[in-house]
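Me: I should like to learn how to read a protein model step by step. Could we work through one together?

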Amino acid sequence: MYKDLERDVINAGKCVLCGTCVSACPEGVLALDKWGRRIVSTGKCRMDCNICTEICLGLHPIEVDPNEIFGDFKEVVQVRSLMDDAKDYSYFKYQAISRSLGTLAKPKSGVVSTILIHLLEQQLIDCAVVAGRRQDAPWRPSPAIATTKFEVLYACGTKPFQCPTNAVLFDAVSKFKSVALVGLPCHIEGARRLAQMYKEFREAITYWIGIPCGNVLNHDLLTKEAAGMGIDPETIMVVDFDNEVFKEKTPIENLGIYIVTKDGKKHPMHLNEFKASMAKECISCKDFSAEHTDFSVATLGAPTGWSTVFIRTGKAKELITKMANQAILNKRPQEYEKIEDKATLEAQAEMVWLKSQPKTWMSLVTTALNKRNRLYY
Ligand code: SF4
Ligand code: SF4
Ligand code: SF4
């Protein structure tokens, strides 16, 4: 019953807001509230099937091998986009606000957008389910079904907040034959559970694309922190992690996020200032790298303009190799020794993940890094 989900998950502070239960409910009575911040019931739940609680990521967190934090992969490479639209696109390009914002909210490397656009243009997929942007607050993510290049580009750029992406998965698989899902580990795991349960999801989701995630920010908590700094939340345009903010100081304590407001001002926030805004529900999440995907695309471990891509399936290897051969993507081996700014990337990794997790995770990562002889990160 919905009341069980409400009591045991939502009101218990365990909902990671993945949106999976909305797509899972056979009666279609679960939905997002108008802010996209809470799962609500829109009708009487008569079936009492308990699917929503059984599938729930908050109640049954992802289990992965803690000794293999990057999961299984065939190959790890650095990739960047060579597609002009995708690499140069900024959300602000088409907005009537200060041009000085043009270089902000750009995709880090354009890799995910480029791959989605290519898949759409080649008719290998009919749509992509992504974390889009809310019209009324573009810095906030909102689940979206992208069917065109522009819709892919509109969604691009990091939005480091909880997003109930899977809430639109049912719509996507009902309307389209071939769907690419771009999600954080919780979205991927939620969709895998849906695919196990329902044929529609199993048959329609043809590309699984992961974005590694260690933690995200909570909208309300960050808004409160920002207001405390004298920033009017109504004027926020962008929020993103940034290793450039405190560039001259590389240790973790000096990294942060930035908020950009409508007047074009960039407001850096120190880790100590935004730490309290991190989503507490994420503490039980153990999948960092989105293991159960065709490939995962991370900014960690790659220099500016590039992404680290963990290629996990033959299908992904073929796709990325083909796109590289066609000069749509640029691909090169990921070699830790060739990364110039190691201190920054190590600190980045710690900031977004390790600092937000229990101590034991910190030692696990150190072990994993050493084990892999620091080849990949
Ligand atoms: S019908 Fe099933 S999945 Fe939907 S709210 Fe009721 S118990 Fe949950
Ligand atoms: S399935 Fe996801 S969105 Fe639904 S209640 Fe559980 S954690 Fe929240
Ligand atoms: S840490 Fe990231 S992947 Fe895990 S539940 Fe939170 S948002 Fe989802």
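Reply: Certainly; let us begin with a backbone angle. This is a predicted model, and in it Gln123, just after α5, takes a positive phi of about 55 degrees.

Me: How many residues of α5 are buried?

Reply: Burial is judged by counting neighbours: a residue is buried if 20 or more other C-beta atoms lie within 10 Å of its own. In α5, ten of the eleven residues are buried, so the helix is largely enclosed by the rest of the structure. Among the buried residues are Val111, Ile115, Leu116 and His118.

Me: What share of the residues of the chain counts as buried, and how many helices and strands are there?

Reply: Of the 377 residues, 48% count as buried. The chain has 14 helices and 13 strands.

Me: Which residues have the most contacts inside the largest nonpolar core?

Reply: A nonpolar core is a set of buried residues of certain kinds joined through C-beta atoms within 7 Å. The largest such core here has 101 residues, and Cys21, Leu116, Ala128, Val179 and Ala180 have the most contacts inside it. Helix α5, residues 111-121, gives the most to this core, with seven residues. Domain 1 (2-55) and domain 2 (75-215 + 281-371) both give residues to the core, so it lies between them.

Me: What does Val179 touch, leaving aside residues up to four places away in sequence?

Reply: With those set aside, Val179 touches Ile125, Asp126, Cys127, Val129, Ala172, Val173, Ala204, Ile205 and Thr206. For the chain, one may also ask how far apart in sequence contacting residues are. Among contacts between residues at least 6 apart, 70% join residues at least 24 apart.

Me: Let us turn to the ligands. Which residues come nearest to ligand 1 and to ligand 2?

Reply: Around ligand 1 there are 14 residues, of which Cys25, Glu27, Cys45, Cys49 and Cys52 come nearest. Around ligand 2 there are 15, and there Cys15, Cys18, Cys21, Cys56 and Gly58 come nearest. The elements that give two or more residues to the shell around ligand 2 are α1 (2-10) and α2 (20-24). Of these, α1 gives the most, with three residues.

Me: How do the shells divide by class, and which residues surround ligand 3?

Reply: The shell around ligand 1 has eleven nonpolar, one polar and two charged residues. For ligand 2, the shell has twelve nonpolar, three polar and no charged residues. The residues around ligand 3 include Val16, Gln162, Cys186, Cys213, Asn215, Cys282 and Cys285. This shell has nine nonpolar, two polar and no charged residues.

Technical notes
Residues numbered from 1 in each chain as written. Chains lettered and ligands numbered in written order. Predicted model: local features only at pLDDT ≥ 70, side-chain atom pairs only at ≥ 80, totals over all residues. Near = placed C-beta within 6 Å. Helix = DSSP H or I, 4+ residues; strand = E, 2+ residues; numbered from the N terminus. Nonpolar A, V, L, I, M, F, W, Y, C, P; charged D, E, K, R; others polar. Buried ≥ 20, exposed ≤ 12 C-beta atoms within 10 Å, placed from the backbone. Domains from an automatic or database assignment. Contact = placed C-beta atoms within 7 Å.
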